[in-house]
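Trainee: I am new to this structure and would be grateful for a close look at a single part of it. Please take one residue as the starting point and explain its surroundings.

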Amino acid sequence: MAANEPGQPSNTLNSATTVNLPTPSSALAIGAHPDDVEFGCGALLAKWAADGCVVHHLVCTDGSKGTWDPDADVTALSLRRQDEQREAARRLCGERLDAIGEVRFLGYVDGELDSGLQQRGEVAKVIREIRPQIVLGHDPWKRYRLHPDHRHAGLLACEGIVAARDPHFYKEHGIAHHRPDALVLWEADEPDLVEDVGVHVGTKLHALRAHESQFESTMKAADDAELDKFEQRIRNRLGDLGRPFGLDAAEVFKLIDRL
């Protein structure tokens, strides 16, 4: 497996591990690119959605560089990736139409995301508007991370919560402050939350298949046979993460619940 394929956590779990959070009423997953949420926490979101949680997505970049084709129309690619993200969000919720939340895009150019004050304010505003019980995002402190957008998107999730929770930050929003109950970070460097997702792995993969533009560049799948191999890699990874806990499959995270 490629060392920097999206969604990979450390295999070393913290000794003080929580297994299965209660299902929240609403969740906001903040990803750098279209498809990052499905890679990082797709099975967990599918599990929560099946239990009635309203699932929202916030994508920070336009995904316009997500291709190996040097002659690609990047404007068309960006629009396509928005459509793919909306479809993936729908697939995560399955038959629970009441669980399908908003899918928002900040629209920063792929590869050029920063975690500055302007971007922090935009994320804080979304948190205040949507008022999620739990926020999910990239672990910005993951060692040896190559992609800067993942790092910055993770920082924006963390710093956006701080700004959203305190009433004197960004008062120009004109929106009441909001403090989520917890922050859950995927690709975690030191995971301490294990989520049993055994019956939801298929939903995660179904949602990832919505990102057809990424089959070759991200999933290393130029044909159906390679796509099957990609899906088996995901199944194997989640199986390996669940095995120490007697689970068929798990997604693991860093839990921060003192916000």
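Mentor: Let us begin with Asp192, bearing in mind that the model is predicted. Asp192 has a relative accessibility of 10%, and because buried means under 20% relative accessible area, Asp192 counts as buried. Its place in the chain is the loop that joins β6 (182-186) to β7 (193-196). The side chain of Asp192 makes a polar contact with the side chain of Lys254, at 2.9 Å. Leu255 also belongs to this picture: 63 residues separate Asp192 and Leu255 along the chain, yet their C-alpha atoms are 6.4 Å apart.

A second loop residue offers a useful contrast. Trp68 is found in the loop between β3 (54-61) and α2 (74-93). Whereas Asp192 is buried, Trp68 is exposed, with a relative accessible area of 53%. Setting aside neighbours within four places in sequence, Trp68 is in contact with Glu216, Ser217 and Lys220. Of these partners, Lys220 lies 152 residues from Trp68 along the chain, and the two C-alpha atoms are separated by 11 Å.

The loop of Trp68 leads to α2, which packs with helix α1 (residues 36-50) at an angle of about 40°, the axes being 8 Å apart. The two helices are therefore oblique to each other. On the α1 side, the contact is made by Glu38, Gly42, Leu45, Ala46 and Ala49, and on the α2 side by Gln85, Ala88, Ala89, Leu92 and Cys93. By class, this contact has 7 nonpolar, 2 polar and 1 charged residues.

Terms used. Residues numbered from 1 in each chain as written. Predicted model: local features only at pLDDT ≥ 70, side-chain atom pairs only at ≥ 80, totals over all residues. Heavy atoms only, no water. Helix = DSSP H or I, 4+ residues; strand = E, 2+ residues; numbered from the N terminus. Buried < 20%, exposed > 50% of the residue type's maximum accessible area, 1.4 Å probe, protein only. Polar contact = N/O pair within 3.5 Å; in protein donor to acceptor, adjacent residues only side chain to side chain. Contact = heavy atoms within 4.5 Å. Axes fitted to C-alpha atoms, helices over the stretch in contact; angles between N-to-C directions. Parallel < 35°, antiparallel > 145°, perpendicular 65-115°, else oblique. Nonpolar A, V, L, I, M, F, W, Y, C, P; charged D, E, K, R; others polar.
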